[in-house]
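Visitor: I've got a two-chain model up on my screen and I'd like someone to walk me through it. Can we take it piece by piece?

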Amino acid sequence: MKKIKTVLSVAAVLVAAAVMLGLLTRLLEPKYATDLEEGSFLAQYYEEAGGHDVIFIGDCEVYANFSPMELYRDYGITAYVRGTSQQLIWQSYYILKETLEYETPKAVVYNVNAMRYSEPVSEAYNRLTIDNMRWSDEKIGIIRASMTEEEDFMSYVFPILRYHSRFDELTAEDLQYFFQGKTNTFNGYQMNTNVVSVGTLPTKRVLRDYSFRDICWQYLEEMTRLCQEKGVELILIKAPSLYPYWYDQYDAQIQQYADQNGLAYYNFTTCAEEIGLDFSTDTYDGGLHLNLAGAVKMSRYFGSMLADVHGMPDRRDDPQTAAIYEEKLRAYDAEAQKEKGTNP
Amino acid sequence: MIELLIFLIGLLFYASYGLTGLAYLAAVTVLSYLAGRLQKKLRWLVWPCVVLNVLALLLVKLQAPLGLSFAAPLGISYFTLQVISYHIDIHRGILQPERNFLRYGLFVSYFPHVSMGPIERYETMSRALSRRKICWDGISLGALRAVWGLAKKLIIASRLGVIIGAISADTEAFRGGYALCAMILYSLQLYCDFSGGIDTVLGVSRMLGLTLSENFDAPFLSQSFQEFWRRWHMTLGSWLRQYIYIPLGGNRKGKLRKTVNLLITFLVSGLWHGVDYILWGLFNGIFVAFGKSLQTKWKLLNRLATFLLVSLLWCFFIWPNAGTAMEMLASVFTEWNWLSVPAGIAAMGLTLGDWLVAAAALAALGVYDCRREAVNGWLLRRSPWQRTALLCALGLTVLVFGMYGIGFDAAAFIYSNF
């Protein structure tokens, strides 16, 4: 009897310690609520997974430049952006794979900007993309594919190993968003109304080699295969930006790949005028990303292509969808007004 | 069965550092085992055994002056001393050669202590193996000690290492007061790092049912250099006493010989650490030989003076060579830049939170060192769940307040470099 009591009391202490470990981990993890918001973008999807006709995948050029709210308002297209900062192509692959576990959209729009990167860039960017993903085979895959040399897998399994030193950086925000993170996107779109006109851009360097690396092609092929298997149309795009430069040689390689695989490819860097973009007013960082005004123009332009060329359905007549999106649009418009008030 | 398992894990552990090192360790183990068995009949065998081991160790330590460069087998400084003591003890007739190869193999290659000690004599290790018993008390107290060791290393030593690293990296900018601060902080860092590592070794061993020798006994409470060396790296001190100092005549042949013997012993200690530490050994020898005359009747003053002098001599450990170390030591007395030191150190990468955590952990360490017996007795009286709770609390404290992760190598201990 005494032995059983001892074993039970020790087990109870161990369980309590495990709970404490979980709570400490949650407390110390960055909440990505107001600082480095991008770290919370992927997690926000899980609450809203399902029912989207278009999924955008890619780096900052998708979550800053394409607004699903505008796509719905103008064309009734239901869309979600699964974009993160500096999302590398192997990360896009696993994010796509994960998304297809939750839903089967009609089209996946992939921004090919990441084709230029063949190696993990930095631990910080990896964290922004991976930290808030739910545990799955895809998360294990994305970690293994993304880790830089200095990182280790265990610190993703037990984030306290990475974030323990935040004990003296904790703020009220860490308590406020302890249980529930902050929703700071509109279907994955990050609103920004600042205006920073394009200034002097760095000189366009001549590269020694413009060819994309094998690893990037392999992942692009995997993404194509995944979409084919699920009967999803894969649309390749290069979002509009003035810098980093999207070289003609890059464009030609993607065009050739798209032609060979029967995919649509749109390079929006060359049709800013047609879209109506004015980089003196439509960008928040001097031409790298679009602000709300730019995203509205971009979304309207691309929305018409999605509807007319790719046959994305208009869901505005569906009462259930309309109810959801009307509420979202109210919040979206209110936020836009608020932002404009802050950044007139 | 468990001994075989520990032995095999040890070999795997050793192999992970390179097969050359494993081959050397295996050769030393097999040859010294066979030589030990033959030593009873062939007493002269002790000399080749000792000489060959000493030569191997000298080759490692004198690499730079000899113009050589190779990776020394992990823990060679430690297991070589153990093997030498084994042969000498057989020669002296105080030890029977071991018949059981597994047991001898464990003595040489026991993985928890192979890289930083404690340096065991065969008699102690053999007794520990004979009395080996895995029990709840051993597991819980061993785990607590191992985690306490990690706390010393990761909470205190790693933090102080940030400051010492910054100061030692720039010998032009950080001299005088900075150098003195580095030496004092290094005392604490080295103690926490080395004794923390030893705590982990002893804790893991205790969990496996083995009670190994203590290596530290609150050294900063020492009132003289002599006392310090009885409390610091005790197993090395004991080895040097048994196999260098006493054979040289110890204190049995007059004051002058005693002094000379002490100096030789400390020179050997310095050389054991490496060529750049010979001067450090010599200075320690001088302070041990003549330090008694500097003692006052005030205990606290004696302790402070001993701590300060010991700290100053760590200069040889902080800077990359003896020349730079002497230069920085001299700068403490010649360059007066004290006013800039607090602001300079505050900008070296530790936050206020880091300093507070380190100070709190040092205070806890001080209390433990001063009241070790009382704390250990209190721990023994705790029930299993209370010990588990304490272990979990200590573990979580290390997890949160330890300094590890990117940019830190939590598995690297200063003394595993010697």
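Visitor: In E4(A), which residue is the bridge partner of A:Val109?

Guide: Keep in mind that this is a predicted model. A:Val109 belongs to strand E3 (residues 107-111) of chain A, which pairs with strand E4 (residues 233-238) in the parallel sense over 5 bridges. Along that pairing, A:Tyr110 stands opposite A:Leu236. For A:Val109, the bridge partner in E4(A) is A:Ile235.

Visitor: And which residue of E3(A) stands opposite A:Phe56?

Guide: Here we look at the pairing of E1(A) with E3(A), which is parallel and runs over 4 bridges. One of the matches there is A:Ile57 with its bridge partner A:Tyr110. Opposite A:Phe56 in E3(A) you'll find A:Val109.

Visitor: What about the pairing with E2(A): which residue there is the bridge partner of A:Ile55?

Guide: E1(A) and E2(A) also pair in the parallel sense, over 5 bridges. In E2(A), the bridge partner of A:Ile55 is A:Tyr80.

Visitor: So which strands stand at the edges of the sheet?

Guide: The open sheet has 5 strands with parallel pairing, in the order E2-E1-E3-E4-E5 (chain A). The strands at the edges each have a single partner strand, so one side of each is left without a neighbour in the sheet. Those are strand E2 (79-83) and strand E5 (264-267) of chain A.

Visitor: How many degrees does the twist average from one strand to the next?

Guide: Take the order E2-E1-E3-E4-E5 again and step along it strand by strand. From one strand to the next, the twist averages 20 degrees.

Visitor: Is E3(A) largely enclosed or left open?

Guide: Look at where its residues point: A:Ala107, A:Val109 and A:Asn111 go one way, A:Val108 and A:Tyr110 the other way, and all are buried. That makes 5 of 5 residues buried, so E3(A) is largely enclosed by the rest of the structure.

Visitor: On E1(A), which residues are buried on the side away from A:Val54, A:Phe56 and A:Gly58?

Guide: E1(A) is mostly covered, with 5 of its 5 residues buried. Both of its faces are covered, and A:Val54, A:Phe56 and A:Gly58 make up one of them. On the other side the buried residues are A:Ile55 and A:Ile57.

Visitor: Something helical lies across those strands. At about what angle does H5 of chain A run to E1(A)?

Guide: Helix H5 (residues 89-102) of chain A lies across strand E1 (54-58), E2 and E3 of chain A. Relative to E1(A), H5 runs at about 155 degrees.

Visitor: Is A:Ala252 buried or exposed?

Guide: A:Ala252 has its place in helix H12 (residues 248-261) of chain A. A residue counts as exposed if 12 or fewer other C-beta atoms lie within 10 Å. A:Ala252 has 11 of them, so A:Ala252 is exposed.

Visitor: Now the contact between the chains. Which helix supplies the largest share of the side of chain A that touches chain B?

Guide: In total, 18 residues of chain A are in contact with 14 residues of chain B. Helix H1 (2-28) and helix H9 (160-163) of chain A each supply at least two residues of that side. By class, the side of chain A that touches chain B has 10 nonpolar, 4 polar and 4 charged residues. The largest share, 9 residues, comes from H1(A).

Visitor: How compact is chain B, going by its radius of gyration?

Guide: Chain B has 19 helices and 0 strands. The globule rule gives 22 Å for 418 residues, and chain B comes close to that, so it is as compact as a globular protein of that length. Its radius of gyration is 22 Å.

Visitor: How many residues of H8(B) are buried?

Guide: Helix H8 (residues 177-207) of chain B has 31 residues and reaches 44 Å from its first C-alpha to its last, close to the 45 Å expected. H8(B) is largely enclosed by the rest of the structure, because its buried residues number 29 of the 31.

Visitor: Last one: which residues does B:Leu379 touch, leaving out those up to four places away in sequence?

Guide: B:Leu379 lies in helix H18 (residues 372-380) of chain B. With 16 other C-beta atoms within 10 Å, B:Leu379 is partly exposed. The residues it touches are B:Leu141, B:Leu144 and B:Arg387.

Methods: Residues numbered from 1 in each chain as written. Chains lettered and ligands numbered in written order. Predicted model: local features only at pLDDT ≥ 70, side-chain atom pairs only at ≥ 80, totals over all residues. Contact = placed C-beta atoms within 7 Å. Nonpolar A, V, L, I, M, F, W, Y, C, P; charged D, E, K, R; others polar. Expected span 1.5 Å × (residues − 1). Buried ≥ 20, exposed ≤ 12 C-beta atoms within 10 Å, placed from the backbone. Rg over C-alpha atoms; globule rule 2.2 N^0.38 Å. Pairing = 2+ DSSP bridges. Axes fitted to C-alpha atoms, helices over the stretch in contact; angles between N-to-C directions.
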